[in-house]
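Biologist: I would like to learn how to read the contacts between a protein and a nucleic acid strand, so please take me through them step by step.

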Amino acid sequence: MSDDRSATDRGVLYATTPIFYVNAEPHIGHAYTTILVDVATRYRRLAGDDVYFLTGTDEHGENIQKAADAAGTSPQEYTDRVAGAFRAAWDRLGIGYDAFIRTTEERHKKVVREVLQRVYDQGDIVYGEYGGLYCVRCERYYTEKELTEDGLCPQHEIAPEYRSEANYFFRMEKYRPWLRERLETNPDLIRPAGYRSEVLSMLKEPIGDLSISRPRSRVPWGIPLPWDEDHVTYVWFDALINYYSAVASEGLEDRYWPHVEHFIAKDIVKPHGVFWPTMLKAAGIPLFQHLNVHGYWLVEDRKMSKSLGNVVRPLELAERYGNDAFRYFLLRDMTFGLDASFHEVGLVDRVNADLANDLGNLLNRTLGMLGKYRDGRVPPFGPDVAGAGALRDRFLDLPDRVVEQVARLQFDRAVAGTMDAVRAANKFVSESEPWSLAKDPEAAGRLDTVLRTCLEALRCASVLLDPVMPAKMAELRHQLGMPGTAPTLDDAKRWDGLAEGSATRKGDPLFPRIDRAALEAAIEVEAPAESEDEAGGAAPVAFEPKPEIDIETFAACDLRVGTVTACEAHPKADRLLVLTVQVGTETRTIVSGIRAHYDPEELVGRTVVVVANLKPVKLRGIESQGMVLSAEGPDGRLSLLSLDRAAPPGSEVR
RNA sequence: GGCGAUGUAGCUCAGCUGGUUAGAGCGCACGACUCAUAAUCGUGAGGUCCGGGGUUCAAGUCCCCGCAUCGCUACCA
């Protein structure tokens, strides 16, 4: 256990998941974070700690509004529905959260406004007019240091202008030195260490100030700024503050805030590792204890994406294989902080080997013999049997180790260690051969010892695995004849937890084996079907049309058919390709940001659509004389426009 | 381009502050057993620890260079 969480906060835990943006159904990433926190909190509860587990939904913003419009409903109705879907999903996955916060709740809005006002009053929120020098071409602000000696934009060598955008900015840059210092002196504030380094490297250069508002006229679906009702907060002050508002609004601030642990996936390290601590500092609220960052589940070794058709639906898996088995797999097969690969066959193998063969079968064989030899009743310990004491010691050593591993976020090891002990129990059965003892009347006492030892091993295992598989472990204890009361960690520290003479209740196998061959066959069948629709099946995108233009304005764009005659990677930019395009009689050099989507070779000879009268611009040293058109797919994947009938290079497009 | 992470048996991964013949599970081969969910237990095959240098008595573990994959970041007319 790390030093900084010793005296003050031992015994109390406030754990959070991110609040999820309600524009999509929960996927395995959402589910993993939430299950992880569920397991972590259950372990701490098992140890007798005072625990508060928060999750929720992020419901404001333009996208929600658009999605609601597209669905033909109001934002409120829309978010009610989706937030309800998230809650239902978590319920089905056995998530025992204590509180569910929605950013549209009054209690949240009130706290957000209070915090905003406080930060504003002390001068850390400023109007965008003070934002600075803005290069129109770059569409970004520059600090004076970044500009050339003459005060020009380094990219375009034009004079930047003072931009008076109607936004408010949080003066985040001001807190950068403080945050660096804090991370230096508090090395495990962000963990594992790799993510701390990442944040530190972000802080080496200016982080700028953070835009935190949008005009209410454009985005009415948000929380109005308390001092300027014409603006609403944008994302950060709204969403991040949920962690604080959830307890502050319930009078639980003193009890839980000093013990807050955030759990997130690595994609949101920046807002949580940079924005959030500086916001807290500015608001005079103490920092979180740790920011705990986990990796991604890579599906078929690629990042999960809708366009690849490899989205893993947690509810389907839980349904198919059992929720507890699914949870076990997630916790067992990912090392905290690192990415892990998800293969459905791997899940099945894991569940069969560990849960069906080792744990489930140990229960089944033990209760089977108990029924046969002892009428299903719990025997006393008899004379010593070789290996019984060692097995007992092995189990009784586990609780302290597990608690420590959980504190270090080593859930995989905590679970593996317990399963190793279960394996040792199976070995003990083989070596002590109770079926042979049963044939020898003089060995009755030793048979008692063997059976009782197995029963106690199972009972202890059920306690140590209870946070991961609450339903199945309760069922296990039920089969052992125990009452349905919730276990405590102390139950795993004793070897006499069963009542002598009590009746066991052998039932169906706890974890039925999953037919792996059938699964493989099913995958065979599914595989070809997936490749058919690249984009055709993608959901329509809600959008807000740009301001109307007339035909003359459109005609001002000179769009032309072109043929790519050569193409190579830009020598000084990772994301750019340099195309040579034949447009009519002219040959143009066009720089385009499509390198991540197309190989240079595959473009040679292709027909493209070119904006021919764009003002040329130098991109990383190469002049681009135009632009090629492409469309963006659901996953940011670009698709170049081409023609479905031949038209010679230079033909006008209209 | 900058920063960071990862690269260990067919597969999924452990290997903490450098120290005996490099580990686990799955899969595979052979054997044992029969209480059990075609389960369990044992034995075995299988590795240039990404490549190349270096530091050290000693390196998978530290340093340098490179390769590959991933992430963040700049460029995305």
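Modeller: The largest share of the surface near RNA strand B comes from helix 13, which gives 13 residues; here a residue is near a strand if one of its heavy atoms lies within 4 Å of it, and helices (H or I, at least four residues) and strands (E, at least two) are DSSP runs numbered from the N terminus. This is a predicted model, in which local features need pLDDT of at least 70 and side-chain atom pairs count only at pLDDT 80 or more, while totals for chains, interfaces and linings use all residues. Residues are numbered from 1 along each chain as its sequence is written, chains are lettered from A in the order in which they are written, and side-chain values use heavy atoms, with hydrogens and water left out.

Biologist: How many residues surround RNA strand B, and which are the closest?

Modeller: There are 49 residues around RNA strand B, and the closest are Asn361, Arg413, Arg575, Leu614 and Gly626.

Biologist: Which part of RNA strand B do the atoms within 4 Å of the protein belong to?

Modeller: Of those atoms, 67% belong to sugar or phosphate and the rest to bases.

Biologist: Which base atom of RNA strand B lies 2.6 Å from a polar side-chain atom of Arg365?

Modeller: A polar contact is a pair of N or O atoms within 3.5 Å, and for Arg365 the partner is a base nitrogen. Arg575 likewise places a polar side-chain atom 3.2 Å from a base nitrogen of RNA strand B, whereas Gly360 has a backbone N or O atom 3.2 Å from a base oxygen.

Key
Polar contact = N/O pair within 3.5 Å; in protein donor to acceptor, adjacent residues only side chain to side chain.
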